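Here is a friendly walk through one protein chain, residue by residue and then on to helices, cores and domains. Have your viewer open and follow along.

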Amino acid sequence: MTGQISQARRNRGPLILSAATASTPRNWSLPNDTSREFTRDLNQSIEFAKLAEKAKFHNVFFVDHLTWFDVYGDSHEGSAKYGVNAPRIDPSLLVSALASHTKSIGFITTLSTISEHPYHFARRLASLDHLSDGRAGWNIVASYLPSVGKNLLDGAPIPEHSERYVKTEEYLDAVYELLLSSWRDDALGKYFSIKGPAITEPTKQRFPLVVQAGSSEKGIEFAAENAELVFIDTKSTDKIPEIRKLAETRFNRDPYSIKFITSLLPFIGNTHQEALDKFEEYKKAENLEANLVFFGGISGFDLSKYGWDEEVGDQGESNAIKSITKTVLNGDKGGQTKTDIAKKYGTRLSFAGTASEVADQIEDLLSKADIDGFNFIVSPYPGMLIDIVELLVPELQRRGLAQTEYSVPGGTLRENFYGEEGKTFLSGDHPAYNLRWRKGVSKEQFEKELSLYKALRNERRKSNIGKSKK
């Protein structure tokens with residue numbers, strides 16, 4: 001039975017379709033999977049992008065982590081043994097190559113605010129937007145893996161969760177100003193003091209699409225102020241109304257200028273049984289210990305000391321991804337075993353069936369959750385992506401849920417993301433909009449305007465500190 005989607009949902013245009021590039025332990029175990037070649041064969045990544053563009057996907061999404069997942073067993077051995085987010089190459093280096101083989105699809109790259117100075121990073125970010133002809137997006141992450149401290153911070157521990165957002169907010173402010181203002185008298189902050197101006201000329205978008213993932217209290221505030229696109233876990237979609245409300249009431253933004261997508265793993269067959277067979281093969285490839293290597297990284301909790309059937313007690317406060325950790329542990333003081341947690345963390349939103357059946361399940365989800373699209377996990381590759389491109393997307397197009405052509409062929413990521421030709425820059429209600437040094441405005445006038453804007457921004461942020469969620 002097809003789900004009933006509200007007219008308001010339909011009026012918001014076609015679903016945002018995103019394709020995630022990541023090799024997981026299951027991929028490594030699945031027959032006919034070639035995603036392991038992404039790290040050493042550029043042609044694999046090119047074909048991935050071309051396939052996604054064939055189906056008019058909005059973007060390719062590059063998953064990335066800077067270091068090993070080494071919380072489980074206090075060692076990187078599990079990460080290396082099972083291929084948990086390893087090996088990795090710098091995904092930003094792929095963008096210009098993939099852009100040269102495609103025309104309209106965008107490229108969202110996960111890039112951390114902890115790995116390099118914002119002045120150097122701003123040049124790299126602008127270079128991505130220049131060389132992709134305005135098709136770049138930045139998934140802003142603050143990095144949560146303890147091994148980041150060991151490898152990038154001279155052994156110092158990573159900052160506490162809330163402080164990481166303080167630093168990330170200041171980092172983003174610095175990059176905003178470098179790419180939009182290039183103001184020589186940059187404000188002194190707690191972490192960064194930059195003389196400027198930026199060494200790169202303005203890009204076609206002026207600033208890449210702003211992307212964020214995270215639904216902790218601090219993550220929600222960061223998204224409400226800055227994000228144009230939010231990756232949200234299916235179990236956290238109840239946070240969407242809160243983010244939209246904060247965007248509107250605290251930051252004077254159009255709440256629907258922020259788009260939300262969630263991960264989906266679709267198993268599609270020409271028959272229902274064929275799809276179920278693919279799903280069963282995927283489930284057989286699960287490795288519970290690999291799941292706990294993942295969970296250790298995202299939570300900071302080492303469960304290696306527990307027996308598989310032993311109850312796992314209260315783990316205390318997390319300094320990593322709080323929202324996912326909470327949904328897995330459910331705030332339990334006990335009752336779950338190590339096996340329970342491994343199975344729960346290994347669960348992904350999965351639909352199985354013919355293209356029509358999976359489209360029905362998608363419509364049903366859209367009737368219940370206020371999401372704008374999906375970030376498709378591809379496992380195995382290329383088989384699953386081919387099924388999505390050749391079977392599922394045509395069905396979604398027939399139902400008016402997926403675009404049949406790019407809104408602006410050859411346009412920027414932001415133009416195609418919002419479906420509006422000429423919309424290459426941030427919306428007028430975005431907090432960074434007034435940081436742009438506009439044509440015809442003198443340096444003296446701009447500096448006066450910028451000083452006033454920054455004072456108002458800082459006052460607003462100060463007044464929001466300590467406010468309880470409504």
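Beyond residues up to four places away in sequence, Val230 touches Gln212, Ala223, Ile258, Lys259, Phe260 and Ile261. This is a predicted model, and in it Val230 sits in strand S6, residues 229-231. Is Val230 buried or exposed? With a relative accessibility of 0%, Val230 counts as buried, because the cut-off for that label is under 20%. If you would like a long-range distance to check, take Val230 and Leu51: they are 179 residues apart along the chain, and their C-alpha atoms are separated by 24 Å.

One of the contacts of Val230, Ala223, also takes part in a helix pair. Helix H9 (residues 217-226) packs with helix H10 (residues 240-249). On the H9 side the contact is made by Ile220, Glu221, Ala223 and Ala224, and on the H10 side by Glu242, Ile243, Leu246 and Ala247. A second pair joins H3 with helix H16 (residues 383-398). Here Phe48, Leu51 and Lys54 of H3 meet Leu385, Ile386, Val389 and Glu390 of H16. The geometry of both pairs is set out below.

| Helix pair | Packing angle | Axis separation | Crossing |
|---|---|---|---|
| H9 and H10 | about 50° | 8 Å | right-handed |
| H3 and H16 | about 20° | 9 Å | left-handed |

Why is the H3 and H16 pair described as roughly parallel? Their angle is about 20°, and angles under 35 degrees count as roughly parallel, so H3 and H16 earn that description. The angle of about 50° between H9 and H10 makes that pair oblique instead.

Next come two loop residues. Lys56 lies in the loop between helix H3 (42-54) and strand S2 (59-62). Lys56 is buried, at a relative accessible area of 18%, so its value falls under the 20% cut-off. Which residues does Lys56 contact, leaving aside neighbours within four places in sequence? They are Gln397, Gln403, Thr404, Glu405 and Tyr406.

His101 belongs to another loop, the one between helix H5 (92-100) and strand S3 (106-112). Its relative accessibility is 43%, and His101 counts as partly exposed. Apart from neighbours within four places in sequence, His101 is in contact with Ile46 and Lys50. For another distance check, the C-alpha atoms of His101 and Glu47 are separated by 9.0 Å, with their positions 54 residues apart along the chain.

Now to the interior. In soluble globular proteins, nonpolar side chains tend to be buried together. The largest nonpolar core here has 93 residues, and those touching the most other members are Phe57, Phe107, Trp138, Val175, Phe207, Ile362 and Phe374. Helix H8 (residues 161-180) gives the most to this core, contributing eight residues. At least three residues of the core come from each of domain 1 and domain 3. There is also a second, separate core of 24 residues, with Val84, Val148, Val312 and Val328 among them.

Finally, the domains. The chain is divided into domain 1 (7-280 + 350-439), domain 2 (291-345) and domain 3 (442-469). How far apart do the C-alpha centres of domain 1 and domain 3 lie, and what is the value in Å? The two centres are 28 Å apart, and the largest nonpolar core draws on both of these domains.

Technical notes. Residues numbered from 1 in each chain as written. Predicted model: local features only at pLDDT ≥ 70, side-chain atom pairs only at ≥ 80, totals over all residues. Heavy atoms only, no water. Helix = DSSP H or I, 4+ residues; strand = E, 2+ residues; numbered from the N terminus. Buried < 20%, exposed > 50% of the residue type's maximum accessible area, 1.4 Å probe, protein only. Contact = heavy atoms within 4.5 Å. Core = buried A, V, L, I, M, F, W, Y, C linked by side-chain atoms within 4.5 Å. Domains from an automatic or database assignment. Axes fitted to C-alpha atoms, helices over the stretch in contact; angles between N-to-C directions. Parallel < 35°, antiparallel > 145°, perpendicular 65-115°, else oblique. Left-handed = near helix turned anticlockwise from the far one by under 90°.
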